[in-house]
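I sat down with this one to look up the sheet, the salt bridges, the cysteines and the surface. My notes follow in the order I made them.

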Amino acid sequence: MISVIFESAINLLQGVLVTVYLVKCFGCKKQFNSRIVCIAGTIITFIYLMISNYIVYFEGAAIYIYMIYSFIFSLILLNGTILEKIFYNLLMICCLACSTLLGGGMVSLVVKKDFLNAIPVGSVSRYVGATLVQIILIIFLALIIKLKKLLMEKDDKYMAIMTIIPAVSVIVCCFLVYRTDKNYEINVIYTFIALTGVVIVNIISILLLIMEHRLYEQKMQQQVMLSAYQQKEKDIESILDMQRENSKQRHDIKNVIILIKELIQDGKYDKAVEMIDKYNYSNRNNNITEIVSDNIVLNYLLNRKISQCHDAGIDMCCYVLGSVTGIDDMDMYILLENLCDNAIEAAIQCSNALVRLQISEDNDNMYIDIGNSTRFNVLESNPDMNTTKQDKGLHGFGLMNIRDIINRYNGSIHYEQQGDNYLMCRCKLHKEINAER
């Protein structure tokens with residue numbers, strides 16, 4: 001009776017552990033309640049473990065049956081890509097196998113018996129071993145959940161390579177149990193050492209892959225930022241030229257207005273009209289900007305984008321309401337550059353290509369609304385707004401830079417699909433909350 005209660009408690013605990021692990025890794029799909037999913041997963045796992053205990057007192061090859069079930073459970077009820085689900089399910093199975101062998105191996109060393117002979121049902125060694133297994137399993141699963149943020153890689157090739165590591169480990173762990181050496185003590189020691197080596201190799205491999213990925217990510221970020229600064233350097237002279245031209249035009253207009261006012265006051269109306277015609281003729285071919293605000297960098301960027309759209313046959317309109325202050329020029333430049341580029345790249349694929357941009361503000365916030373025509377409903381086909389370009393490693397940083405600047409100003413960004421052929425992006429930035437660069 002004690003044995004049945006103990007086995008039931010251990011199986012229930014393990015059901016809770018693996019179910020919570022899966023839910024923590026992926027999260028439940030929106031249409032399912034997380035509490036109900038956890039309860040259902042725990043009950044199914046508990047039933048599976050109770051049935052398997054009546055067949056064999058160590059799962060062995062049956063662990064693969066549970067792996068199939070956990071994958072199906074993840075596929076139907078939980079979020080995440082298929083490769084992610086395969087990877088984290090294999091990691092879980094690897095943890096189950098490793099914790100079983102480590103806990104049982106420790107007991108085997110103490111009682112000096114082969115692994116399978118050291119943990120018969122109803123024995124003290126069985127109780128101790130099962131308890132050790134659950135403690136080790138908790139540690140393993142907790143570490144994986146904490147490492148989840150570092151392992152959040154969306155690249156399919158990277159995730160596929162990572163998946164191979166736990167897959168091989170599960171196979172090795174299961175085969176280690178069934179060694180047939182006659183010398184039980186040597187067999188146990190060898191198994192324990194081999195298993196320790198497998199665990200160490202896995203840890204090192206994962207850490208090396210994380211380090212390598214971080215270096216790759218940093219290199220890509222440096223490339224993107226270098227390109228942005230190179231473009232910025234090219235734009236500096238044009239921005240200064242625009243500033244000088246605008247200042248000259250404002251000065252000329254001021255003098256012309258004074259002259260025309262004096263002519264009107266003297267009753268020389270014909271001469272005033274003549275001066276207006278002359279000024280209009282002399283400036284009609286000048287490159288007068290379409291966007292004029294207090295921010296010269298914003299003026300240059302938006303007018304360049306308008307010119308770019310005009311050349312590409314895209315109807316682009318920009319509206320700047322307010323003085324547009326409180327946001328660093330470089331942050332504004334990078335944010336609008338990426339937002340406009342994304343909108344233009346989507347609009348240019350449409351027959352009715354158009355882009356609409358409005359920038360407004362109040363005392364505390366700045367609002368940027370940019371909309372563009374689309375070929376289809378973007379939020380249905382790509383709800384996470386991931387880059388669709390082939391070179392995902394480089395172009396994906398455009399969206400990353402947008403979100404980084406939004407977060408820097410404690411702001412928000414969300415997308416609205418207005419019909420099937422128009423997408424609106426709304427950004428909000430808090431001007432007073434600007435973290436240090």
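**Ground rules.** I count two strands as paired if DSSP finds at least two bridges between them. Strands (E, at least two residues) and helices (H or I, at least four) are DSSP runs, numbered from the N terminus. This is a predicted model, where I take local features at pLDDT of at least 70 and side-chain atom pairs only at pLDDT 80 or more, while totals for chains, interfaces and linings use all residues. Residues are numbered from 1 along each chain as its sequence is written, and side-chain values use heavy atoms, with hydrogens and water left out.

**Entry 1: the sheet.** I started with the strand order. Five strands make an open sheet, running β1-β2-β3-β5-β4 with mixed pairing. The edges are β1 (315-320) and β4 (412-417), each of which pairs on one side only. I also checked the angle between neighbouring strands: ignoring direction, they are turned by 10° against each other on average. For that angle, axes are lines fitted to C-alpha atoms (for helices over the stretch in contact), and angles run from 0 to 180 degrees between N-to-C directions. A reminder to myself: strands of a sheet pair through backbone hydrogen bonds, either parallel or antiparallel.

**Entry 2: walking across the strands.** β1 and β2 (residues 354-361) run parallel and are joined by six bridges. Met 316 sits opposite Val 355 of β2. Next, β2 and β3 run antiparallel with seven bridges, and Arg 356 faces Gly 371 in β3. A hairpin of three residues connects β2 to β3.

I then followed β3 (residues 365-373) to β5, an antiparallel pair with nine bridges. Asn 365 has His 430 of β5 as its bridge partner, and Met 366 is opposite Leu 429 in β5. Is β3 covered? I should put that better: how many of the nine residues of β3 are buried? I get eight, so to speak a mostly covered strand. Buried here means under 20% relative accessible area, exposed over 50%, and partly exposed in between (1.4 Å probe, protein chains only).

At the other edge, β4 and β5 pair antiparallel over six bridges. Tyr 415 has Cys 425 in β5 as its bridge partner. The two strands form a hairpin with four residues between them, and Gly 419 in that turn has a positive phi of about 80°.

**Entry 3: salt bridges.** Side chains of opposite charge can pair when their charged atoms come close. My cut-off was a side-chain nitrogen of Lys or Arg within 4 Å of a carboxyl oxygen of Asp or Glu. Searching the whole structure gave 10 salt bridges.

I looked at Glu 337 with Arg 304, where the closest N and O atoms are 3.1 Å apart. This pair links distant parts of the chain, with Glu 337 in helix α11 (residues 329-347) and Arg 304 in helix α10 (residues 296-312), 33 residues apart. Glu 337 is buried, at 14% relative accessible area. Both residues belong to a salt-bridge network made up of Arg 304, Lys 305, Glu 337 and Asp 341.

Then I took Arg 408 and Asp 331, which meet at 2.6 Å, N to O. Here Arg 408 is in helix α13 (residues 392-408) and Asp 331 in helix α11, 77 residues apart. Both Arg 408 and Asp 331 are buried.

The third pair I noted was Lys 431 and Glu 361, at 2.9 Å, N to O. Lys 431 lies in the segment after β5 (422-430) and Glu 361 in strand β2, so this salt bridge ties together parts 70 residues apart in sequence. Buried or partly exposed: which is Glu 361? Glu 361 is partly exposed, at 21% relative accessibility, whereas Lys 431 counts as buried at 12%.

**Entry 4: cysteines.** How many disulfides are there? I called a disulfide only where two cysteine sulfur atoms lie within 2.5 Å, and the count comes to zero. I checked why Cys 25 is unbonded: its closest cysteine sulfur, in Cys 95, is 9.6 Å away, too far for a bond. Cys 25 is buried, with a relative accessible area of 6%. Cys 309 is in no disulfide either, with the nearest cysteine sulfur, that of Cys 340, 7.7 Å away. Cys 309 is also buried, at 0% relative accessible area.

**Entry 5: a greasy spot on the surface.** I ran the patch search on residues with over 30% relative accessible area and no salt bridge, joining like charges within 9 Å and nonpolar side chains (Val, Leu, Ile, Met, Phe, Trp, Tyr) within 5 Å. Accessible areas come from the Shrake-Rupley method with a 1.4 Å probe, and for residues only the protein chains shown count as cover. I found a nonpolar patch of Phe 32, Ile 68, Ile 72, Leu 75, Ile 76 and Ile 82, with about 530 Å² of accessible area together. Which helix gives the most to the nonpolar patch? That is helix α3 (residues 63-77), with four residues. I picked out Ile 68, which is found in helix α3, and Ile 68 is exposed, with a relative accessible area of 53%.
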